[in-house]
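Q: Could you take me through one part of this structure up close? I am new to it and would enjoy a friendly, connected tour.

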Amino acid sequence: MSKKRVYLFEEADGKNRLLFGGKGAGLADMTKAGLPVPPGFIITTEVCKEYYENDKKLPEGLMEEVLAAMKKLEEKTSKKFADPENPLLVSVRSGAPVSMPGMMDTILNLGLNDETVKGLAKKSNNERFAYDSYRRFIQMFGNVVLGIPHEKFEEILDHYKKDQGAKLDSELTAETLKKVVEAYKELVRKETGKDFPQDPYQQLEKAIKAVFDSWNNERAIIYRKLHNIPEDYGTAVNIVTMVFGNMGDDSGTGVAFTRNPSTGEKEFYGEYLTNAQGEDVVAGIRTPQPISKLAEEMPEVYKQLLEVRDLLEKYYRDVQDIEFTIEKGKLYMLQTRNAKRTAAAAVKIAVDMVKEGLITKEEAILRVSPEQINQLLHAQIDPKAEKKVIAKGLPASPGAASGKIVFSSREAEKRGKEGEKVILVRPETTPDDIGGLAAAQGVLTSRGGMTSHAAVVARGMGKPAVVGCEAIKIDLEKEEFRVGDVLVKKDDVITIDGSTGEVILGEVPMIPPTLSNELIELLSWADEIRKIGVRANADTPEDAKKAFEYGAEGIGLARTEHMFLGNRLPLVQEMILAENEEERRKALEKLLPIQREDFIGLFKAMQGKPVTIRLIDPPLHEFLPPLLDLTVEVEVMKAKGITGKELEEKEKLLSVVKRLHEFNPMMGFRGCRLGMIYPEIFEMQVRAIMEAAVAVAKEGLPVKPEIMIPLVALESEMKVLGDLIHRVAKEVLEKSGVNIEYKVGTMIEVPRAALIADKLAQIAEFFSFGTNDLTQMTFAFSRDDAEGKFLGRYREKGYIEDDPFEHLDTQGVGELMKIAIQKGRSTRPDLKVGICGEHGGDPKSIEFCYQIGLNYVSCSPFRVPIARLAAAQATLKYQKQMEFVDRTA
């Protein structure tokens with residue numbers, strides 16, 4: 001095959017991450033920048049794809065290319081691979097195009113065997129170091145390549161540590177490490193029936209295959225699904241000359257970030273361990289030292305690291321996550337990549353980098369994901385709440401969470417998916433815990449530092465994490481932990497605060513979040529850029545105030561039926577039970593002043609921004625007791641011999657419920673159909689809306705009412721109810737002597753309405769897509785039934801890509817929306833069009849809404865900031881493809 005498959009670091013293009021993977025690209029960039037990178041080479045992601053297409057066999061001729069590259073490493077290092085006198089050792093590391101920290105496999109110290117370990121000991125004049133490296137290699141190779149559980153090696157190591165009275169691995173002597181090596185080799189024989197492979201070339205080939213295999217291990221697959229990483233990317237393999245952080249107290253290894261990935265502060269942030277290898281830091285087996293302490297221990301190395309930090313951040317114009325090793329006082333760079341960060345840090349860093357002149361406002365907007373904004377809107381612990389703090393660890397990922405303790409990732413995954421709130425408690429987490437971490441509310445570990453696996457993954461997921469909480473003594477067998485005299489068992493509730501590191505017994509009250517100054521600034525930039533408006537769905541003045549605070553430009557949906565609940569329910573039931581129009585109007589007269597006050601509250605909260613009020617939508621039986629419950633109640637009363645007025649009233653109520661009962665209420669007597677048959681209901685609501693508008697206007701405040709008719713499917717419905725609204729509005733305005741501009745529109749939630757939109761637009765001044773119902777009616781899916789019964793299986797089997805209730809179905813529902821917009825604007829060119837279903841707060845759906853020309857999206861108050869950012873990102877992505885249309889009105 002003529003296509004080049006193996007590239008030395010100096011040959012690779014650091015911008016081509018799809019071919020070289022993130023790790024390889026970073027190593028290539030650092031090599032070209034003259035930074036101290038150990039010599040190495042990259043096997044491209046294309047080879048990974050070939051490997052899978054070739055039934056998991058390495059492509060023909062690949063190993064010859066690999067060995068040719070190994071010869072180049074030998075020339076550069078003056079060492080020889082498989083040489084018993086002066087052995088060249090390498091690491092074999094994965095590297096996907098998109099960062100997947102810890103999800104795939106790495107093998108260090110490859111090339112060691114019973115002979116080369118002696119040469120390493122002699123050459124380094126450090127027998128302890130040589131055998132420590134060998135035992136690490138056997139353990140990693142045994143786990144990654146031979147499939148022997150990591151814990152079985154750890155049990156052997158723990159046995160020898162106890163035997164020697166050693167707390168840390170680094171305290172074991174050379175003689176003890178030799179025994180560990182022999183015990184490890186015996187474990188390999190027992191588990192595989194074969195001796196540990198002694199041929200370094202065989203080790204290398206098996207390791208390359210194992211790294212390719214790890215692209216499809218369970219944790220990598222889960223991670224890709226969680227982060228929407230394409231399955232066909234594949235991983236590169238990086239072969240890097242080993243440098244050793246475990247050669248004594250003048251050696252070490254660490255992970256650092258050019259800024260604090262938790263808060264976003266501009267400070268060098270990280271951790272290191274002396275006399276250790278990189279996996280020790282990431283795995284959280286030992287609690288490391290803060291990077292600042294390196295300035296005391298190795299000032300020259302620390303100064304060099306600061307120079308590297310500045311160079312890398314300026315080059316990449318983003319926060320870098322770097323791995324380094326110090327060998328006998330010499331610094332080596334092993335990785336640089338864009339750092340995983342918390343949502344709060346992402347916002348602060350993006351805003352700060354604009355002010356520092358590193359990036360533009362547009363780049364800052366694209367740097368923060370809508371999901372990260374969602375994380376920032378999670379609750380925090382109420383500072384006034386009483387709390388019993390039982391321990392304190394490292395605050396690794398901010399936010400707070402309460403839940404029942406579980407000690408197994410599998411159990412956390414199962415119970416979390418079932419809707420239970422759980423906190424995962426582990427000594428430390430490994431990449432295999434990814435499913436449990438994703439399903440849990442948060443994670444607590446007794447070991448590990450701020451750059452451990454649990455910390456990095458939790459930050460990426462926006463989950464609260466407290467790590468390195470050494471005060472808790474975990475017993476995994478008994479499924480409990482102790483803190484002094486306090487015993488905490490499985491299923492007990494705890495709260496963790498990832499911002500302070502506190503572990504609190506029981507559930508603690510939470511408070512809603514507030515927007516940081518940086519987030520307010522970032523969203524103001526988004527508002528400057530976006531060409532689609534953002535409103536909120538709000539039914540109460542409280543919701544409207546919150547929406548206004550979060551930057552909503554109006555209310556896109558106020559559901560009047562929600563105002564019929566609570567202490568108003570008896571009046572509503574009186575109206576429903578009325579036997580004629582006169583009785584019904586009397587009941588409605590009692591409801592009118594209550595509704596009027598509701599609307600006054602909404603108008604005032606929105607301070608002159610448009611408020612779209614939907615007239616009553618659900619069927620009337622929803623305001624009455626369920627048929628089955630009422631039937632049973634009547635029969636029980638009869639059985640008990642209860643008679644007279646009490647039974648008569650119940651029987652009357654039952655007869656009304658039976659009369660109103662529907663087999664398919666979603667398609668029944670609801671929405672505009674109620675207004676057509678009982679116009680007095682809609683009259684009362686319109687009167688209340690307009691009287692509220694007049695009252696607010698008389699106070700000197702601006703007001704913009706928009707009255708929306710639900711579930712229209714016929715031109716006649718739009719005309720009759722449109723005339724009703726104008727008639728009542730005219731009566732109120734003439735009587736008050738106040739002139740108020742108002743609009744009449746309809747909700748497009750029935751497929752037929754989309755198809756006759758040109759006719760509806762003769763009367764309707766605006767459309768709002770009710771995509772919840774429109775999706776149900778287009779698919780003939782009942783949302784309540786479909787999601788529980790078959791939709792999940794459809795997605796698993798690939799019959800349908802997305803849940804259409806979560807992300808807009810652009811091919812079906814989206815086509816109806818396009819037809820409605822085109823037809824509606826053919827009749828009324830200035831027709832205002834919005835969306836008020838759940839999709840109005842979904843970034844993927846917002847992108848589609850922008851593309852098809854909507855004026856605004858409307859979503860729940862807490863999703864308004866998300867929608868503002870998503871709308872700006874959609875504008876930046878598509879504005880060059882579209883004519884400029886100002887749609888923020």
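**A helix pair up close**

A: Helix 5 and helix 7 lie roughly parallel to each other, because their axes cross at roughly 20° and angles under 35 degrees count as roughly parallel. Please keep in mind that this is a predicted model. To find the pair, look for residues 127–144, which form helix 5, and residues 174–192, which form helix 7. The two axes come within 9 Å, and the crossing of helix 5 and helix 7 is left-handed.

Now for the residues that make this contact. Helix 5 contributes Glu127, Arg128, Tyr131, Asp132, Tyr134, Arg135, Ile138 and Gln139. From helix 7 come Ala174, Glu175, Leu177, Lys178, Val180, Val181, Tyr184, Lys185 and Val188. Sorted by class, the contact between helix 5 and helix 7 holds nine nonpolar residues, seven charged ones and one polar one. Among the nonpolar residues taking part are Ile138 of helix 5 and Leu177 of helix 7, while the charged ones include Arg135 of helix 5 and Lys185 of helix 7.

If you would like a stop elsewhere in the model, there is also an open sheet of three strands, ordered 20-21-22 and paired antiparallel. Strand 20 (473–475) and strand 22 (486–489) are the edge strands, each with a single partner strand, so one side of each has no neighbour in the sheet. From one strand to the next, the twist averages 20°. Strand 21 (residues 480–483) is joined to strand 22 by four bridges, and phenylalanine 481 has valine 488 in strand 22 as its bridge partner.

Methods:
Residues numbered from 1 in each chain as written. Predicted model: local features only at pLDDT ≥ 70, side-chain atom pairs only at ≥ 80, totals over all residues. Heavy atoms only, no water. Axes fitted to C-alpha atoms, helices over the stretch in contact; angles between N-to-C directions. Helix = DSSP H or I, 4+ residues; strand = E, 2+ residues; numbered from the N terminus. Parallel < 35°, antiparallel > 145°, perpendicular 65-115°, else oblique. Left-handed = near helix turned anticlockwise from the far one by under 90°. Contact = heavy atoms within 4.5 Å. Pairing = 2+ DSSP bridges.
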